[in-house]
Amino acid sequence: MANYDNIRLEKGLYTTTKGFTNTLEGLDGSENYKGTALEGLDAYQRQLKRFNIKVTGADSDFVEKFFQTSDSAVLFPEYVSRAVQKGLMEANVLPRIIATKTTINGLDYRPIASVPSEADMELQDVDEGDLIPETEVKTQENLVNLQKRGRMLVASYEAVRFQRLDLFSVTLKQIGAYIARAQLKDAVDVLIGGDGNGNEADIFTVSGTNPVSYDNLINFWNLFSPYELNTIIASPDMMVKLLKLQEFKDAAAGLNFQGSGKMITPLGADFIKSGNVPEGTLIGLDKSCALEMVEAGDVSTEYDKLIDRQLERAAITTIAGFAKIFKDASRVMEIDV
């Protein structure tokens, strides 16, 4: 039964393990709106409709529109979280480097690992009656180190109450972009130094007058068998050197880079530039099996303060960490200076 107009909104909707929107969906399921004008909106968006709050566009409402009633004020933290989440996703390159994402309810997570030998990775003939070769999967000795990343929202209510929500969202999205960059740094640190379980990346050192050469890249690529080198994260200086290689200057690659900023590479790998990678270094990995991301929930806001218009010290945070899956699915190429 459709009853979005009659739901009582309160702070307690934020304290459930389901999250605010999922809790609302339990009270006002979207399946009840199929075939109606509200089809396609989730439970939170229907509450915006209920209170006639427009959060996007040139005619978006002012921030104070959320605080016209005590019920509508409860929607403000979710608006903040969604704007931050949108900024995080727009700036996020993690989907290009992680193999899987795990969401947990606590702060402790022990990853699993399989460390196959050369013999384990070969498909051997098994005669009748012989034992089938085994692949051992076990839990790691140390827990994944989860990091809290975020920003403190510092603004008086009087300073923002007459700001358009569309403009205020731009500021909130920048908080999300910061979180995305901080999480990428955490991922890079784990790819290079491991997750504390003795799985640091092997380093391929190059030197000479022209260390960043196509020949050295091919040698680096060859180290990954039986994995596939399909993603490279390079420091800014290394990216410049790569772009200047003759093999990266064919017509198709040039047109694509000039038109989209994306590189077509001779190695067929996805190239990512990141200032989080140390100078003179690039990281190669098999995206499908190198890195796991562990999250302790979504973007979190101090809903009490936001609902009560105490924006001066309202924290917006996420908690996440990274774990190596297969050690040799990522390696580091480093210039010897």
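What is the volume of the largest pocket? In this predicted model, the largest pocket has a volume of about 870 Å³, and the legends below begin there.

Residues are numbered from 1 along each chain as its sequence is written. Because the model is predicted, local features need pLDDT of at least 70 and side-chain atom pairs count only at pLDDT 80 or more, while totals for chains, interfaces and linings use all residues, and side-chain values use heavy atoms, with hydrogens and water left out.

**View 1. The largest pocket and its lining.**
A pocket here is an open set of points on a 1 Å grid over the protein atoms alone, where a 1.4 Å probe fits and where protein lies on both sides within 12 Å along at least five of seven lines; lining residues have an atom within 4 Å of a point. Grid points are joined across faces, edges and corners, and the volume is the space filled by probe spheres set on the points. The largest pocket, of about 870 Å³, is lined by 29 residues, of which G19, G297, D298, V299 and S300 are the closest to its centre. Two or more lining residues come from each of helix 1 (20-27), helix 4 (76-91), strand 10 (300-301), helix 10 (303-307) and strand 11 (314-324), where helices (H or I, at least four residues) and strands (E, at least two) are DSSP runs numbered from the N terminus. Helix 4 gives the largest share of this lining, 4 residues. By class, the lining holds 8 nonpolar, 15 polar and 6 charged residues, with Ala, Val, Leu, Ile, Met, Phe, Trp, Tyr, Cys and Pro counted as nonpolar, Asp, Glu, Lys and Arg as charged, and the others, Gly among them, as polar.

**View 2. The second largest pocket.**
About 370 Å³ of space lies in this pocket, and among its 15 lining residues V55, T56, Y79, R82 and S169 lie nearest the centre. The elements that each give two or more residues to this lining are helix 2 (43-50), helix 4 and helix 6 (165-193). The lining of the second largest pocket divides into 7 nonpolar, 3 polar and 5 charged residues.

**View 3. Strand 11 and its partner strands.**
All 11 of the 11 residues of strand 11 are buried, so this strand is largely enclosed by the rest of the structure; buried means under 20% relative accessible area, exposed over 50%, and partly exposed in between (1.4 Å probe, protein chains only). A314, I316, T318, A320, F322 and K324 point one way from the strand, whereas A315, T317, I319, G321 and A323 point the other way. Strands are taken to pair if DSSP finds at least two bridges between them. Strand 4 (residues 147-153) runs antiparallel to strand 11 and is joined to it by 7 bridges, with Q147 standing opposite A320. Strand 9 (residues 291-295) also pairs with strand 11 in the antiparallel sense, over 5 bridges, and the bridge partner of E295 in strand 11 is A320. Strand 10 is joined to strand 11 by 2 bridges, again antiparallel, and S300 has T317 as its bridge partner.

**View 4. Y79 and F76 in the largest nonpolar core.**
A nonpolar core is a set of buried Ala, Val, Leu, Ile, Met, Phe, Trp, Tyr and Cys residues joined through side-chain atoms within 4.5 Å. In the largest core, which has 40 residues, F66, F76, Y79, L153 and L172 touch the most other members. Y79, found in helix 4, is buried with a relative accessible area of 4%. Not counting residues up to four places away in sequence, Y79 touches Y44, V55, F66, L165, F168, S169 and L172, where contact means heavy atoms within 4.5 Å. Although Y79 and L172 are 93 residues apart in sequence, they are 9.8 Å apart in space, C-alpha to C-alpha. F76, with neighbours within four places in sequence left aside, is in contact with V63, F66, F67, F168, L306 and L311.

**View 5. Backbone details in three loops.**
S225 and P226 are joined by a cis peptide bond, with omega about 10°, and P226 lies in the loop between helix 7 (214-222) and strand 6 (231-234). N52, in the loop between helix 2 and helix 3 (70-73), has a positive phi near 55° although it is a residue other than glycine, and N52 counts as partly exposed at 45% relative accessibility. R309, in the loop between helix 10 and strand 11, likewise has a positive phi, near 65°, and R309 is partly exposed at 38% relative accessibility.
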